[in-house]
Amino acid sequence: MSGIKIVTIGGGSSYTPELVEGFIKRYYELPVRELWLVDIPAGQKKLEIVGALAKRMVEKAGVPIEIHLTLDRRKALEGADFVTTQIRVGLLDARIKDEKIPLKYGVIGQETNGPGGLFKGLRTIPVIMDICRDMEELCPDAWLINFTNPAGMVTEAVLRHTNRKKVIGLCNVPIGMKMGVASVMGVDESRVHIDFAGLNHMVFGLGVYVDGENVTSQLIDKLSGEQSGITMNNILDLGWDKDFIKALGILPCPYHRYYYQTRTMLEHELEEAQKTGTRAEVVKKVEEELFELYKDPDLSIKPPQLEKRGGAYYSEAACNLIYSIYNDKRDIQPVNVRNNGAIASIPDDSAVEVNCVITREGPIPLAVGDLPVPVRGLVQQIKSFERVAAEAAVTGDYLQALLAMTINPLVSTDAIAKKILDEMLEAHKDYLPQFFKPVS
C-alpha cells in the first residue's frame with residue numbers, strides 16, 4: 001500500500017494540532033496515509049478532543065489522511081514508518097512537583113534542567129525503552145523521532161541501552177534561536193544560518209550568518225541590555241551583560257540563563273511561584289484553555305493560542321525532519337544524534353545536538369572540532385550528568401541517581417542533593433518502579 005504510516009505516542013498532547021497542520025501542508029511531498037494518535041487511559045479524554053479536531057482539520061484541507069485514535073500502542077505500531085514520541089509521564093502534576101520541590105531547597109526548579117530534568121528523565125526513559133522494544137518487534141525499520149524532554153538524555157539512553165540505531169532527538173530551541181536572530185537582525189528567517197553544536201538545551205551557535213556572511217560579532221553587540229530578543233515563552237529574557245557576551249563570543253541558547261544567571265533566575269522563579277505559580281501551574285491553565293478551544297466543533301485549524309506554549313514549533317521541526325528523511329532532501333537541520341566524532345570534546349558514542357545533513361539513511365553530523373574552551377567544560381559536565389542519569393533511569397540504582405543529582409551544576413552541595421533526591425523519589429514513587437523493587 002502506498003503512503004506513509006506515522007504513529008504519534010502521546011497523541012492527546014496539546015501540540016498535536018501543529019503536527020497535523022505540518023503533515024497537511026506537506027501532503028503532496030510527504031503522503032501520510034495513516035496517522036495513529038496513541039495515548040494512555042488517563043489521557044483518553046484529551047485524545048478524543050484532539051483526535052476530533054485532527055479529523056476536522058484533515059477534512060477541511062481535503063487530504064486523504066486517515067486519523068486513528070487508540071489506547072493500544074502495539075496495534076498502532078505495527079508496520080509504522082515513523083514513530084514520534086511526545087509523552088509526559090505523570091502528566092503536568094508531576095512537572096509541578098519537579099518545579100516546586102527543588103525551590104524549597106533554594107535550587108532552580110525547571111522542567112528539563114537540574115533536579116526537575118533528572119526526574120523527568122528517570123520517569124520517561126523506562127517508558128521510551130518499552131516503546132523501543134515494541135518497535136523492534138512490530139516496526140523494526142521505523143525511525144523513532146523523540147521530542148519528549150529531556151530529549152538529549154532520552155536519546156543518550158536509547159543509544160546506550162537499546163538496540164535501536166534509528167533514533168533522532170528533536171528540540172524546538174534551535175528553531176526559536178533562528179527566529180530570534182532573524183528578528184534581532186531585522187531579516188527574514190530564511191536568510192539566517194547558525195552553526196549549532198552542543199547538547200539538548202545546552203546548544204550554542206558557534207557562528208551566525210546572514211546571506212552567507214558571518215554576522216556573529218554584530219549579533220553579539222545587539223544582545224546586551226535588559227532583553228536579548230532571543231528567548232522562549234517559558235524562559236525569562238534577562239538580556240546578557242555586555243562585556244560577558246562579548247567575551248563569550250558565541251550565541252548561547254535561552255537555557256544557558258540557568259547556568260550563567262542562576263541566582264537571578266532562581267529569585268524570579270521563587271517570586272513567580274508565589275504570585276502565579278510555577279511554570280507548570282501556568283501551563284496547566286493554558287492547556288485547559290486550549291482544550292476548551294479544541295472542543296469547538298467549528299474549529300478546523302490550529303488555533304494561534306498554541307504558540308503561547310514553550311514547546312511551540314516542536315511539531316514544525318518534526319514535520320521538516322520526517323519530510324527530509326522521506327525525500328532524501330540532504331538539507332541541514334540541528335538534531336540530537338550519535339556524535340560520531342562531530343564534536344571532538346564529547347565521546348563518539350554519546351548523543352549530541354549538532355547540525356546534520358538529513359538523508360534517507362538518517363542524519364549525518366557535521367564536524368565542528370572542539371568546542372571553544374570557555375564552554376567546553378560546562379557541556380562536558382552536563383554530558384556526564386546525562387550519562388549517569390540515564391544509567392540510573394535504566395537500572396533504578398539509588399547511588400547513580402544521587403551521583404547524577406550531585407554532579408549537576410545547578411545543585412550546590414551533596415547534602416542538598418540527597419535531600420532533594422529523597423523527597424522527589426517519594427513524591428514520584430508511582431512512576432519510578434525501578435527504584436522500589438520488592439526485596440526478594
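Helices here are DSSP runs of H or I with at least four residues, strands are runs of E with at least two, and both are numbered from the N terminus.

**Figure 1. Overall view of the predicted model.** The protein holds 16 helices and 12 strands. Its radius of gyration is 21 Å, close to the 22 Å that the globule rule gives for 440 residues, so the protein is as compact as a globular protein of that length. The C-alpha trace spans about 65 × 55 × 45 Å along the principal axes. Of the 440 residues, 57% are buried. Take the contacts between residues at least 6 apart in sequence: 71% of these join residues at least 24 apart. The accessible surface comes to about 17900 Å². Carbon and sulfur atoms account for 50% of that surface. There are 50 positive and 59 negative charges, and their mean positions are 2 Å apart.

**Figure 2. Thr 148 in the loop between β5 and α6.** The loop joins β5 (143–146) to α6 (151–161). Thr 148 has a relative accessible area of 1%. Buried means under 20%, so Thr 148 counts as buried. A polar atom of the Thr 148 side chain lies 3.4 Å from the backbone nitrogen of Gln 86. Neighbours within four places in sequence are set aside for the contact list that follows. Thr 148 then touches Thr 85, Gln 86 and Ile 87, along with Lys 120, Thr 124 and Val 154. Gln 86 is thus named twice in this view: as the owner of the backbone nitrogen, and as one of the contacts.

**Figure 3. The cis peptide bond before Pro 150.** Pro 150 lies in the loop between β5 and α6, the loop that also holds Thr 148. The bond from Asn 149 to Pro 150 is cis, with omega near -5°. Most peptide bonds are trans. Pro 150 is buried, at 5% relative accessibility. Beyond its neighbours within four places in sequence, Pro 150 is in contact with Gly 117, Lys 120, Gly 121 and Asn 200. Lys 120 also appears in the contact list of Thr 148. For scale, the C-alpha atoms of Pro 150 and Asp 130 are 17 Å apart, with their positions 20 residues apart along the chain.

**Figure 4. Helix α6 and its surroundings.** Of the 11 residues of α6, 9 are buried, so the helix is largely enclosed by the rest of the structure. The buried residues are Ala 151, Gly 152, Met 153, Val 154, Thr 155, Glu 156, Ala 157, Val 158 and Leu 159. Residues three or four places apart in an α-helix point the same way, because there are 3.6 residues a turn. The partners of the buried set include helices α5 (114–138) and α14 (373–395). The strands packed against the set are β5, β6 (167–169), β10 and β11 (351–359).

**Figure 5. Thr 155 within α6.** Thr 155 is buried, with 1% relative accessibility. Its contacts, leaving aside neighbours within four places in sequence, are Gly 169, Asn 336 and Ala 351. Thr 155 and Ser 13 are 142 residues apart along the chain. Their C-alpha atoms are separated by 20 Å.

**Figure 6. Positive phi at His 201 and Arg 330.** Most residues other than glycine have a negative phi. His 201 is not a glycine, yet its phi is about 60°. His 201 sits in the loop between β7 (192–199) and β8 (202–210). The residue is buried, at 3% relative accessibility. Arg 330 also has a positive phi, about 55°, and is not a glycine. Its loop runs between α13 (314–326) and β10 (331–338).

**Figure 7. Two exposed residues, Asn 163 and Lys 25.** Asn 163 is in the loop between α6 and β6. Its relative accessible area is 63%. Exposed means over 50%, so Asn 163 counts as exposed. Asn 163 and Glu 136 are 27 residues apart in sequence, and their C-alpha atoms are 8.1 Å apart in space. Lys 25 belongs to helix α1 (residues 16–25). Lys 25 is exposed too, with a relative accessible area of 54%. The C-alpha atoms of Lys 25 and Phe 147 are separated by 20 Å, at a spacing of 122 residues along the chain.

Technical notes:
Residues are numbered from 1 along each chain as its sequence is written. This is a predicted model: local features need pLDDT of at least 70, side-chain atom pairs count only at pLDDT 80 or more; totals for chains, interfaces and linings use all residues. Side-chain values use heavy atoms; hydrogens and water are left out. The radius of gyration is taken over C-alpha atoms; the globule rule is 2.2 Å times the number of residues to the power 0.38. Buried means under 20% relative accessible area, exposed over 50%, partly exposed in between (1.4 Å probe, protein chains only). Contact means heavy atoms within 4.5 Å. Accessible areas come from the Shrake-Rupley method with a 1.4 Å probe; for residues, only the protein chains shown count as cover. Lys and Arg count as positive and Asp and Glu as negative; His and the chain ends are not counted. The place of a charge is taken as NZ of Lys, CZ of Arg, CG of Asp or CD of Glu. A polar contact is a pair of N or O atoms within 3.5 Å; within protein, one must be able to donate a hydrogen and the other to accept it, and residues adjacent in sequence count only if both atoms are side-chain atoms.
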